[in-house]
Amino acid sequence: MYSSEESPLLEGDRIHIPDELDSVYNRFSKTQKNVVVFTVSFAGLLPTFVTGTFVPSIPQLAHDLNSTGAAVSLAVSLSVFANAIGGLVWAAYSSFFGRRPMYLWGMPILCIGSFGVAASMSLRWLLFWRFVQAFGCAGGVAVGAAAIGDIYRVEQRGTAIGIFFGASLLGVALSPIIGGAAAYYWSWRSLQWSIGLWGFLEMVFIYLFLPETSHSHSGSIRQLTTPFNFVWINPFSSIWLLRSPNIMAVALANTSAMVTEYVLLIPIAYTIASLPSYGARYHISNEALIGACFLPSGVGNFIASPIAGRLSDVMIEKWKARRKGIRVPEDRLRAALVGGLLVPLSVCLSGLITMYIAGPLGLVLNLLCFFMNGIGMEFVLTPIGSYNVDVLQSRSAEVIAAVTALRAIILAPVTAAVLPSIETLGLVATNGIATMIAILGYGLIVLTIRYGDRMRAWVDVGYTVMD
């Protein structure tokens, strides 16, 4: 007979980590933990900056390389692919060699790729070096979240991961503005040299201040005193973690929230600028002002992420007390139930406002929708990210990378389909479809909270047992 949704993880072949008795979380002082969060957060910014700062430079790149914008845009899709593959590689090896070496190996690759992009004289070389560049920094999110999971107990982990995600996702909002300004007032080559220099400085900072955080007793981490020998690890084995119904459900919920952000932000230059064929209402033609419209979403991410993380920790403690000491990992997802409703609400309202409310009032209301979406996104992404680390502590980097790869595979065609959908179906219909997708994702979170124990019983991927 299946137990209720208030059952802890079932015993079996799972990794057992009794938080109250395990000293691994006491290895670092509060100051040292803060330094770790700060360091990995800045490393987590790099992937978003590598992608986001490139897009505004596309027209200038096309001109300098005697190519077309469509051809140069292939570099964006290629970097998404490189991020997915690279994330799986760095995550898989971090589970064996540890977190710190992955940063120290990845940053030089990022630097070389950035310098190669800056020196590219043809489209072929640009695409090659963009892949190298994106591959080098691809481990920033997965390995960073895993490092935080290594040093914080379950009841503190959500807050720390929330800060990490908030800082990382701030790059989504800031990078288009910085990239556009750099391309306009400087040059795209100088921008790429700067990213390479940033990677070098980040590598030095990591070498000096980031300790190894992984748990050597977890069964797969190589002992730090062991002489180095390269070991072949299949990076795609992480994808197999998605056969877990729990992980797949929250991964799809995570992706559904991201879909709404892409639907809102990708067509900004068309929906709020001066192209009537896309339903433009606000006649903004200044690139800097268009770029500034990304800010409310990023500010919402930055503000909401630590709040959502802290709330998820509170939910863990609150429901643990209600069960007289029994902790259930799905309780963390309860933090998404209220804030998560802002995701479908914001994308639905934005479509209606853009279509039917003109003038400054419509623009202000739209920016508020972007802000709401940023907040709602973090109330979904942060608890889910912490939940993934909770249930698969020993393979935390791998599960984050697998979820990120799945998200990239789904979002790649979605990104390409947004503008054609607006042209064909209209803005309101396109936002309506995104709203329904977000509602389905919200439903998956509710089902995981209610039936999480039964879902875990279907497929055992080596869950961490929580006392």
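The following exchange concerns selected features of a predicted model.

Colleague: At which residue in helix 8 does a kink lie?
Modeller: Helix 8 covers residues 154–185, and its 32 residues reach 46 Å from first C-alpha to last, close to the 46 Å expected at 1.5 Å a residue. The helix nevertheless has a kink of about 45°, shortly before the proline Pro-176. The kink lies at Leu-174.

Colleague: How do the ring planes of Trp-90 and Phe-135 meet, and what is the pair therefore called?
Modeller: This pair belongs to a structure that holds 15 aromatic pairs. The ring centres of Trp-90 and Phe-135 are 5.6 Å apart. Planes under 30 degrees apart would count as stacked and those over 60 as edge-to-face. The planes here stand at 55°, so the pair is tilted.

Colleague: Which parts of the chain does the pair of Trp-90 and Phe-135 link, and is Phe-135 buried or exposed?
Modeller: Trp-90 lies in helix 4 (residues 74–97) and Phe-135 in helix 6, 45 residues apart, so the pair links distant parts of the chain. Among the buried residues of helix 6 are Leu-126, Arg-130 and Val-132. Trp-90 is buried, and Phe-135 is likewise buried.

Colleague: What is the geometry of the aromatic pair formed by Phe-128 and Trp-129?
Modeller: Phe-128 counts as partly exposed because its relative accessibility is 42%. Trp-129 is also partly exposed, with a relative accessible area of 21%. Their rings lie 4.9 Å apart centre to centre with 75° between the planes, and the pair is edge-to-face.

Colleague: Is Val-204 in the nonpolar surface patch buried, partly exposed or exposed?
Modeller: Val-204 is found in helix 9 (residues 188–209). The patch joins Val-204 with Leu-197, Phe-200, Leu-201, Tyr-207, Leu-208 and Phe-209, and together they have about 720 Å² of accessible area. Since exposed requires over 50% and buried under 20%, the 33% relative accessibility of Val-204 makes this residue partly exposed.

Colleague: Which residues are linked by ring pairs into a cluster with Phe-209?
Modeller: Phe-209 is one of the residues of the nonpolar surface patch. Ring pairs also place Phe-209 in a cluster, and the other members are Phe-38, Phe-42 and Phe-205.

Colleague: What phi value does Lys-324 have?
Modeller: Most residues other than glycine have a negative phi. Lys-324 lies in the loop between helix 13 (295–322) and helix 14 (336–339), and is exposed, with a relative accessible area of 76%. Although Lys-324 is not a glycine, its phi is positive, at about 60°.

Notes. Residues are numbered from 1 along each chain as its sequence is written. This is a predicted model: local features need pLDDT of at least 70, side-chain atom pairs count only at pLDDT 80 or more; totals for chains, interfaces and linings use all residues. Side-chain values use heavy atoms; hydrogens and water are left out. Patches are made of residues with over 30% relative accessible area and no salt bridge: like charges are joined within 9 Å, nonpolar side chains (Val, Leu, Ile, Met, Phe, Trp, Tyr) within 5 Å. Accessible areas come from the Shrake-Rupley method with a 1.4 Å probe; for residues, only the protein chains shown count as cover. A salt bridge is a side-chain nitrogen of Lys or Arg within 4 Å of a carboxyl oxygen of Asp or Glu. Helices (H or I, at least four residues) and strands (E, at least two) are DSSP runs, numbered from the N terminus. Buried means under 20% relative accessible area, exposed over 50%, partly exposed in between (1.4 Å probe, protein chains only). The expected span of a helix is 1.5 Å times one less than its number of residues. The bend at a residue is the angle between axes fitted to the seven residues ending there and the seven starting there. Rings of Phe, Tyr and Trp (its six-membered ring) pair if their centres lie within 6.5 Å; planes under 30 degrees apart count as stacked, over 60 as edge-to-face and the rest as tilted.
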